[in-house]
Each structure stands twice: as structure tokens, then as C-alpha cells.
Amino acid sequence: MPEMTLSSEVGRLRGVVLHRPGVEIERMTPATIHEALYSDLLGCATARKEYTQLETFLSRITKTYYFDDLLAETLADAEARRTCLAHPLFAALPEAEKAFMQGLDAAALGRYLIEGPARIDDPERQWRPLYNLYFTRDIGVRFNDRSLPTKMSTAVRAPEAALTGLIYRYHPLFAKQTRWVDPWAESPGAALEGGDFLVADKDVFLIGQGARSNAEGVRQFIQLRSAVSPEFHVLTQELPHEPESFIHLDMVFTLLSRHHCMVYKPLLEGRFKTRLLTVRDGKVTEEAVPHLLAGLERLGKSYEPVFCGGGDALYQERDQWHSGANFFAVAPGHILGYGRNSRTIDALAAAGFEVKPVEACLDGRMAFDVDDETHRAVYTVESAELVRGGGGCRCMTMPIDRTAL
């Protein structure tokens with residue numbers, strides 16, 4: 001396998017892990033919506049049709065890997081399978097269900113772990129579907145030559161991170177990567193999810209602290225990183241726990257190009273604390289900075305903000321609610337986002353990003369070249385149903401390899 005690296009948010013994408021919304025979504029009921037962290041049931045056929053735009057576009061420009069395939073291939077390894085079924089998450093399951101899992105082959109076991117039982121009220125089948133798996137961003141992060149399963153703040157998503165850790169540890173794709181057997185063992189109270197983790201440079205990381213990631217998660221990341229790097233910087237951004245649309249940092253801030261970022265404007269108005277942590281030889285110094293852009297400027301990184309929702313506070317709030325700040329860069333200045341957020345798309349157009357609906361790019365009506373850095377473009381995805389899951393294009397992608405800037 002080729003060596004992989006990831007040292008930015010915007011370098012040319014060379015590999016990404018996806019998961020199509022599957023049967024697990026159909027097994028959500030009104031009674032399990034809250035448990036599943038949703039606010040409504042998704043129309044599955046429409047969600048899959050919209051998702052197809054995203055995955056087809058990505059398959060045209062980069063190598064795409066699917067979580068389902070990686071898991072099945074991992075479980076084909078006897079040691080990986082034993083490690084999986086010995087995980088504490090399985091300890092409380094009924095004996096009949098454990099025996100059932102033991103009897104499945106690798107592909108069938110992988111499907112069961114993702115989809116759960118056909119009848120969620122079956123007393124002998126208590127494993128729950130992985131309702132949120134199409135948001136692959138949150139469950140594992142890559143930085144430089146490292147592969148780190150994250151620590152989820154909610155029990156319902158813990159299995160996703162555990163299975164990601166299994167893949168990172170045993171799958172040949174990650175054989176040349178530095179992997180941890182249990183990176184969070186010493187920090188049981190830590191939480192750090194991928195939506196709160198941005199790689200601005202090989203030694204500059206942005207981490208949100210709010211509903212899903214906490215200070216202990218930041219401390220444990222610093223400890224892990226300090227073991228392999230004598231000096232680096234972490235910008236932490238305080239986030240409110242409500243409304244739910246602030247769930248992660250990437251719902252209010254994403255990097256778009258070498259010199260552009262998408263920001264929900266209230267993030268820059270001093271309401272929420274931003275701190276610059278400088279780590280040298282394991283020692284941390286901390287200082288307050290006015291906001292993320294000021295902190296990045298201190299580190300020699302200047303970004304021109306594009307405001308989610310444009311200049312009107314009403315539309316800023318509306319577009320942010322529908323993942324209007326959640327963009328995914330596939331190359332410097334070439335980004336994927338939801339077309340429904342028209343005021344945000346207009347703001348991008350005013351900043352020099354050509355608007356290109358993904359559907360038109362795929363059927364040949366519009367040409368596109370993501371390797372052309374003299375040109376900037378926003379590729380818009382349809383999202384009437386996908387957005388109801390509470391995330392955008394960055395949320396639905398786990399990049400594992402990018403060209404260095």
C-alpha cells in the first residue's frame with residue numbers, strides 16, 4: 001500500500017472514506033429518534049439519491065474507500081475478529097446474540113454490526129444500528145502520518161469509533177501508519193470528535209470545545225502528539241452547547257483554500273473564548289486570542305473570511321442551521337457544499353468561487369478541473385433529506401490522504 005499523509009484541510013484529496021446511508025437508517029423509528037441523535041426520520045430513498053451525487057463526484061477525482069468494505073476486510077483477519085468480539089461493548093449483549101455473531105462470516109458480521117437486527121425490539125438482539133455512520137468524519141481523524149480513532153461523547157456512537165479503531169489497527173491500508181491500541185485508556189472522561197478537529201498545517205490544529213468535545217479530549221490529544229513532535233500549536237474554540245446546529249466546530253468554521261475560510265460571523269464577535277496553546281517539549285503555554293482568525297494570523301496564516309449566510313444576520317442563522325458553513329475542500333479553492341444555502345453560495349460567488357452544481361458536472365453540462373488552482377469553485381450537492389441528519393459535506397467524509405501544500 002502507498003504511504004498516506006494528511007497535513008491540511010485543503011490539500012489535493014487522494015483518498016477518502018465514505019459510507020452510503022443504508023438499511024441502518026431505515027431501522028430508525030419515532031421511538032429511537034432521540035437515542036439516534038436525530039430530530040426527524042429521513043426519507044431514505046431521497047437521501048441515497050442525494051448522497052450518490054457526493055460519492056460519484058468524489059469517485060471521479062480521488063480514491064474512495066467504503067467503511068463497509070474496510071470493516072469486512074478487517075474482520076477477515078482472525079486476530080482482528082477476536083479483538084472485535086472481545087470489546088467491552090459486546091459484554092452486556094445476550095448470550096444468544098453473541099453466539100449468533102460468532103457464527104457469521106466476515107462480510108455478514110460487518111453488515112450486522114452496521115445495520116443491527118431486523119427487529120430492534122427482539123429481546124435476543126440488542127445491538128443497535130449505526131444510525132450516524134454516514135457521518136464518517138466524526139469517528140476517526142488523520143493528521144500527518146497518524147490514524148487516531150476518536151472518543152465519542154455519546155454512547156450510541158461509541159461502536160462507530162471502536163470499529164474505526166479496529167480498522168486503523170488491522171487493515172492493510174493503514175499498515176504503514178502509526179496506530180494506537182487504545183489511545184483514550186488513560187482519559188475515560190475525554191471526548192474528541194472529528195467534526196471538532198481541523199488540520200490547518202502539519203503542526204497547527206484547531207479543536208472545538210462544546211457539546212461533543214471537551215478540554216480533557218484536547219489534553220489527551222496534546223499528550224499523544226507530544227510523544228512524536230517536540231513543537232506544535234493547538235487553537236481551541238469554545239462553542240455553545242445550544243442550539244444543536246453548533247454541534248461541532250466545522251458547523252461554524254471550515255477552510256476553503258490557502259487563503260479563504262467559511263465562518264459563521266458570530267464566531268468572530270468575541271462571544272466565545274479562543275485560546276492558542278503552544279506545546280514545546282511537552283510543556284503547554286496558553287494565551288487568549290480574539291478569535292480563530294486572529295490566532296491563525298499569529299501563526300503566520302492569513303485567511304479571508306466568507307460569511308455563512310452572507311451579510312444579513314437572519315440568513316446567517318438560517319443557513320448555519322442547515323450546515324451552511326460545513327464545506328469540504330477537495331483541492332485548494334475547490335469545495336463541496338449544500339446548494340440549498342443560497343445566501344452562502346451567493347457569498348462564495350462574490351468571493352470569486354464559481355458555482356457548479358454537481359449534477360451538471362456529472363452529466364457533462366459543466367466542465368470542472370479541481371487541479372486548476374488559478375480557478376476557485378463551489379460544487380453544490382442537493383440536500384433536501386441529507387441535511388435533516390444534521391451535517392454537511394465535511395461531516396460525510398473522512399479524508400485519509402492529501403497532497404501536501
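## A four-stranded sheet

In this predicted model, 4 strands make up an open sheet with mixed pairing. Their order is 13-14-16-15. Strand 13 (328-331) and strand 15 (353-357) sit at the edges, each pairing on one side only. From one strand to the next, the twist averages 30 degrees.

Strands of a sheet pair through backbone hydrogen bonds, in either a parallel or an antiparallel sense. Strand 14 (residues 334-338) and strand 16 (residues 376-381) take the parallel option, over 5 bridges. One residue of strand 16, A377, is the bridge partner of H334.

## Helices on the sheet

Helix 11 (residues 342-350) packs on the sheet. Its contacts are with strand 14, strand 15 and strand 16. The direction of helix 11 makes about 135 degrees with that of strand 15.

Helix 2 (residues 44-61) lies across strand 13, strand 14 and strand 16. Relative to strand 16, helix 2 runs at about 145 degrees.

## Cavities

The structure contains 3 cavities of 30 Å³ or more. The largest cavity has a volume of about 90 Å³.

A set of 14 residues lines the largest cavity. Nearest its centre are L6, R137, V141, R142 and P399. Three strands each supply at least two residues of this lining: strand 3 (140-143), strand 5 (197-201) and strand 17 (398-402). By class, the lining of the largest cavity splits into 6 nonpolar, 4 polar and 4 charged residues.

How values were computed: Residues are numbered from 1 along each chain as its sequence is written. This is a predicted model: local features need pLDDT of at least 70, side-chain atom pairs count only at pLDDT 80 or more; totals for chains, interfaces and linings use all residues. Side-chain values use heavy atoms; hydrogens and water are left out. On a 1 Å grid over the protein atoms alone, a cavity is a set of points where a 1.4 Å probe fits but cannot get out, and a pocket is an open set with protein on both sides within 12 Å along at least five of seven lines; lining residues have an atom within 4 Å of a point. Grid points are joined across faces, edges and corners, and a volume is the space filled by probe spheres set on the points. Ala, Val, Leu, Ile, Met, Phe, Trp, Tyr, Cys and Pro count as nonpolar, Asp, Glu, Lys and Arg as charged, and the others, Gly among them, as polar. Two strands pair if DSSP finds at least two bridges between them. Axes are lines fitted to C-alpha atoms, for helices over the stretch in contact, and angles run from 0 to 180 degrees between N-to-C directions. Contact means heavy atoms within 4.5 Å.
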